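Work through the exercises below with the sequence and the coordinates open beside you, and try each task before reading its solution.

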Amino acid sequence: MRSSRVFHAVDSHTEGMPTRVITGGVGVIPGATMFDRRRHFIDHLDHIRGFLMNEPRGHAAMSGAILQPPTRPDADFGILFIETSGCLPMCGHGTIGVATVLVETGMVEVTEPVTTLRLDTPAGLVIAQVRVTDGAATSVTLRNVPSFALGLDRTVRVSPWGDIPYDMAFGGNFYAIVPLDRLGIPFERAAKQRIMDAGLAVMAAVNAQDRPVHPANPEINGCHHVYLAAPGSDARHSRHAMVIHPGMFDRSPCGTGTSARMAQLHARGELALHTDFDNESFIGTHFTGRLVEQDTLTVPGTPGGLTTVTPTIEGRAWITGTAQYHYDPDDPFPEGFVL
């Protein structure tokens, strides 16, 4: 076996969605902050993402996280999120996967019944409280970055459906939230290709006609997620199909998507602080969300600023295996491939 490079990984899944946690082989990525490291990785190291996420070592819905030393003194670990779509500022299901791996592999000092981890992400500091029973991580509750509704009651022209209503919200990434019944598609797996095609069409139209930009960090921009809400969804229990660029469904209920959905519902006056919200994925798995704090983000040109809410998300993850991924210099797919 010839290898010029080896990556060490612990694979997991969070409510059905994979997280390949890279524990060694990358080295320390340059950058004063995790956002700087994300930028450096995108510009200079994206071939590592392709190698680990794309086929033949990954698959079309692969997701992962690279462990790093933290860039801030109040954090335990830094995390860089990678997936087939790119390098995300934040990933909720991925953070739950990382927290579970850190506890169950003994990479952190474990205390029962709760082990608290402070995680340095490109989107900001995220706190994970891991519930531990007999050494096993039974659930993880994240305190995510501040989330907000960027715009309500917007419309976008999408062929062949015409003008489609949507709300735009941020939960670590931007989400266009669309009622699925306005597209005339049933919420069922048999219609998954129609749902996927519609979600990607909405995504492209939003980015072309009204591309979202984070008011405090313009480098965070663009819509790469579309939350297609099933009929009957409300502020207590919402079912959805999450379409992600370039063409996959989130198998989990989506942590940053849950955060964005709660911010949208709060902005509409439908979800109060300190109220449980059950978010259900396309495959029937669940996250429990709750808004625990309200604040204001100062935005130039916006009197009074932008209302933000701080969400928590509770979910579960399971370790599925450990692996070493070897790069053979003669491998014809050093960055994988997308079919």
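**Exercise 1: the largest cavity**

Task: For this predicted model, state which helices each supply at least two residues of the lining of the largest cavity, and then describe that lining.

Solution: Begin with the helices, where H3 (92–104) and H5 (255–267) each supply at least two residues of the lining of the largest cavity. Next, consider the lining as a whole, which consists of 15 residues, with Cys91, His93, His225, Asp250 and Cys254 lying nearest the centre of the cavity. Sorted by class, the lining holds 7 nonpolar, 6 polar and 2 charged residues. Finally, the volume of the largest cavity comes to about 80 Å³.

**Exercise 2: two helices in contact**

Task: Determine how the axes of helix H1 (residues 34–44) and helix H2 (residues 46–53) are arranged, and list the residues that make the contact.

Solution: The two axes come within 5 Å and cross at roughly 80°. Because angles of 65 to 115 degrees count as roughly perpendicular, H1 is roughly perpendicular to H2. On the H1 side the contact is made by Phe41, Ile42 and His44, while H2 contributes Asp46, His47, Ile48 and Arg49. By class, this contact has 3 nonpolar, 2 polar and 2 charged residues.

**Exercise 3: an aromatic pair**

Task: Classify the aromatic pair formed by Phe187 and Phe282, and locate both residues in the chain.

Solution: The whole structure contains 7 aromatic pairs. In the pair of Phe187 and Phe282, the ring centres are 5.4 Å apart and the planes stand at 50°, and the pair is tilted. Phe187 sits in the loop between strand S11 (174–179) and helix H4 (192–209), whereas Phe282 sits in the loop between strand S15 (277–280) and strand S16 (286–297), so that the pair, 95 residues apart, links distant parts of the chain.

Note on methods: Residues are numbered from 1 along each chain as its sequence is written. This is a predicted model: local features need pLDDT of at least 70, side-chain atom pairs count only at pLDDT 80 or more; totals for chains, interfaces and linings use all residues. Side-chain values use heavy atoms; hydrogens and water are left out. On a 1 Å grid over the protein atoms alone, a cavity is a set of points where a 1.4 Å probe fits but cannot get out, and a pocket is an open set with protein on both sides within 12 Å along at least five of seven lines; lining residues have an atom within 4 Å of a point. Grid points are joined across faces, edges and corners, and a volume is the space filled by probe spheres set on the points. Helices (H or I, at least four residues) and strands (E, at least two) are DSSP runs, numbered from the N terminus. Ala, Val, Leu, Ile, Met, Phe, Trp, Tyr, Cys and Pro count as nonpolar, Asp, Glu, Lys and Arg as charged, and the others, Gly among them, as polar. Axes are lines fitted to C-alpha atoms, for helices over the stretch in contact, and angles run from 0 to 180 degrees between N-to-C directions. Angles under 35 degrees count as roughly parallel, over 145 as roughly antiparallel, 65 to 115 as roughly perpendicular and the rest as oblique. Contact means heavy atoms within 4.5 Å. Rings of Phe, Tyr and Trp (its six-membered ring) pair if their centres lie within 6.5 Å; planes under 30 degrees apart count as stacked, over 60 as edge-to-face and the rest as tilted.
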